[in-house]
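Colleague: Got a minute to go through this one with me? Put it up and we'll start.

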Amino acid sequence: MSPESETSGGLKTELTLGLPGDLQVQKSGIKRGFSEVVDLKLVNDSKAESQPPSTTQVVGWPPVRSYRKNLVKNCKYVKVAADGAPYLRKIDLEIHSSYQDLLTAMGDMFTCLTICNVLNERKLVDSANGEEYVPTYEDKDGDWMLVGDVPWKMFVESCKRMRLMKSSEAIGLGAAAPSTPSKGSSTSC
Amino acid sequence: MSEDEELPDLGGGATPNSNSTVVSIGGGDQNYVSPGPDQVLENVLENVLCFLTSRRDRNAASLVCKSWYRAEALTRSELFIGNCYSVSPRRVTNRFRLIKAIAIKGKPRFSDFSLLPPDWGAHFAPWLRAMAISYRALEKLYLKRMCVRDEDLAIAAHSFPILKELVLVCCEGFGTDGLAIVARECRQIRVLELMDSVIRDNEVDWISCFPEDVTCLESLIFDCVEAPINFEVLERLVARSPSLKKLMLNSYISITQLYRLMIRAPQLTHLGTGSFSPLEIVAQGEHEPDYFSAFAACKSLICLSGFKEIIPEYLSAIYPVCGNLTSLNLSYANISAEQLKPVIRQCHKLQTFWALDSVSDEGLQAVSAACKDLRELRVFPVEALEDAEGPVSEVGLLAISEGCRKLQSILYFCHRMTNAAVVAMSKNCPDLVVFRLCIMGRHMPDHVTGEPMDEGFGAIVKNCKKLTRLAVSGLLTDRVFNYIGQYGKLLRTLSVAFAGNTDLGLKYLLEGCPKLQKLEIRDSPFGDSALFAGLHHYYNMRFLWLSACKVTRQGCKEVARQLPGLVVEVIAWNEEENGTSEDVDTLYLYRSLDGPRADAPRLMVRPSLIMLGKALFNYRAGFPLAALKISPSSCGFHALAVEPSPAA
């Protein structure tokens, strides 16, 4: 079979020389690794000199085995309890990027609840009985705070566990204390 | 592990003993052959040599004379093969007849970082074929970085009826099918340890395959097996394994299940805790088990690991055992300094500690304050990226050096470092045997002074007089290699990446370090003239690895020509469709008694299109690695081995 008869397109040529199950495009034996490195000549020449552009990726560097990269999913699990729900869940804060994202996930977990964003308050509402739940969390210092008051990253850092509290109990938890449930207007979604 | 495994063969299997004397005694038996003095000596030797256990001692004894060589060969029971290609299985089984324990290592370490194709080699099968014939009384099998197939495990189980220990480290090629066969057929198995290996999930319930009666299991380590476990069966297995001392669970075991196992096996000394997290759904209000008292009941626990998906608030359950722990591996637990502190401050006896850099400098300071007996520390990165603001730095390193004066081994990943901290460690920790510092940004200088990291590493080799293993990183000039060559007289293993300026760097190493066994270098500007500087030494080494350096094919050929006892493996890209380039991407050379290997991969596939210069590649089946001569190929990723010149 002449070299030319094997086409360079198609899935066949996308197989990589990596460990089984290794999803990253890892190429061994290539000077610079990834084909995303457009200007390979530059990188080759700069071997002995100053730092190459920091965005270039190099195969096998830093020398951390793939199972350490895969398994340590940078995860941060916290327990989530919802008042009245029979089960605790656990949620990985690291996989979410914002409060909205987190609320969506919690809404999915406790399926009777739907998100209701009113004004700037974030709540979950039980569509069956209109009961409002406010997400709260216990921080590093042991204080219970309302979710949403601090920047997202800071929240991920300091959150130890979460509780979906009934609105009625959440009064006094901070500046953004919700209005009492008897005022029906805020529950319209 | 880095010791020489075998010195060159003196040229013999057994030769007929020609030293006996025929003695005729009176009118009696004329055929009696009295043992000659040499035979007597050999008998005595055999009985004495049984007591020699160190392989270095045995290697030395075998060199005395042919008689000693034979006696030693007949009495050696433990074999260590540091490079599976340095000697053929046949040669080994011809020489040693009575082997009960064997350790074989395959791929070079850089293969862990995807720097070799997956089918590169290191197959267990040929070894197995020879051993299945000659070593049927095998009791212990240890393999590291070898390719092991399910069929191999089946054959091994069948061929070694009294196999007691099977340890597979960084291996791949098999799955739970193979494990099932081992469980079922190795009736005497005491130790089954799978570590850092890639194991296929064949969806086989291998745990169920252990025999139903009481087992003699002492160690069961399967934390790297990424497959669900039949828990009820595992629980029963643990319950009927009264000798079980080491149990390391995978992440499919929840903390509730862990509890049940622990109360069945309070005699455990080594425990890998699995996920250390409850299953998704935990009934609210239902009392969770008393994990704390389960740990309290394990009075012999000295080694703890696992924590693969930890919910940090469960960590307090381990408090009862902290005071006894000598080894704690939290390297899968993304916990903060605050979460670490209450644990570590109780671990007064800790000698080995592995963690993620999430514990930050502050966490390391807590380690330093509490663990005065620490011998080994490893700090792994949560984010193995070059450009990150890592949470550990020279501050943590300095703290450790000040608090843990008995430190012998350190592996430290960080994003920034200073010479001052490294120098301080060199002075505070004179017992260091292993110093591996990985500053993850390439060519990163001392972040305070802007200088290269030469002085820091220089101080390490100078002050740590017992140092045998070193890994360097950061911005490094030829000077650091000068230091290493000057002071690293006991150095056996050295890892270099993105370092040095000229050939001088490598020359300093090869000329200066007489004990150097394993040298792995990547992305450093060392070329042919440096390569030649090691000709006097390559026969004494386990291997030399150079990737993305400046050696050429000509250079490699010349080395092979001058040293016929070496195998020189080269992997190279062509840069043009129709030419041959002198470039060498990876050079891997090692001594071998049996010449180039025949099992090099046919490189059928290549990564997706690469443009180098102006050429666009098409594919063609690659040449086998062990070509008999260098053959230029018109295109394609091809690998070639330079065959040593015909034996003189």
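Modeller: Start with residues 99-143 of chain B. Their end C-alpha atoms lie 15 Å apart, and the span is 22% helix and 20% strand. Bear in mind that this is a predicted model.

Colleague: Which feature does UniProt place at residues 99-143 of chain B?

Modeller: The UniProt record has "domain: Transport inhibitor response" there, from an unreviewed entry.

Colleague: How many helices and strands are in chain B?

Modeller: Chain B has 20 helices and 28 strands. Of its 648 residues, 59% are buried.

Colleague: And the accessible surface of chain B, what does it come to?

Modeller: About 24,700 Å², with 54% of that belonging to carbon and sulfur atoms.

Colleague: Switching to α17 of chain B. Which of its residues are buried?

Modeller: That helix covers residues 478-487. Its buried residues are Asp478(B), Val480(B), Phe481(B), Tyr483(B), Ile484(B) and Gly485(B).

Colleague: What covers the buried residues of α17(B)?

Modeller: The cover includes helices α16 (454-463) and α18 (503-512), plus strands β20 (469-471) and β21 (493-497), in chain B.

Colleague: Disulfides next. What does the count come to over all chains?

Modeller: Zero. Take Cys186(B): the nearest cysteine sulfur belongs to Cys216(B), 11 Å away. The cut-off for a disulfide is 2.5 Å, so Cys186(B) is in none.

Colleague: Is Cys186(B) buried or exposed?

Modeller: Buried, at 3% relative accessible area.

Colleague: And Cys414(B), where is the nearest cysteine sulfur?

Modeller: On Cys438(B), 7.5 Å away, and Cys414(B) is in no disulfide either. Cys414(B) is also buried, at 0% relative accessibility.

Definitions and conventions: Residues are numbered from 1 along each chain as its sequence is written. Chains are lettered from A and ligands numbered from 1 in the order in which they are written. This is a predicted model: local features need pLDDT of at least 70, side-chain atom pairs count only at pLDDT 80 or more; totals for chains, interfaces and linings use all residues. Side-chain values use heavy atoms; hydrogens and water are left out. Buried means under 20% relative accessible area, exposed over 50%, partly exposed in between (1.4 Å probe, protein chains only). Helices (H or I, at least four residues) and strands (E, at least two) are DSSP runs, numbered from the N terminus. Contact means heavy atoms within 4.5 Å. UniProt positions are given in the numbering used here, feature names are shortened, and annotations may be inferred rather than shown by experiment. Accessible areas come from the Shrake-Rupley method with a 1.4 Å probe; for residues, only the protein chains shown count as cover.
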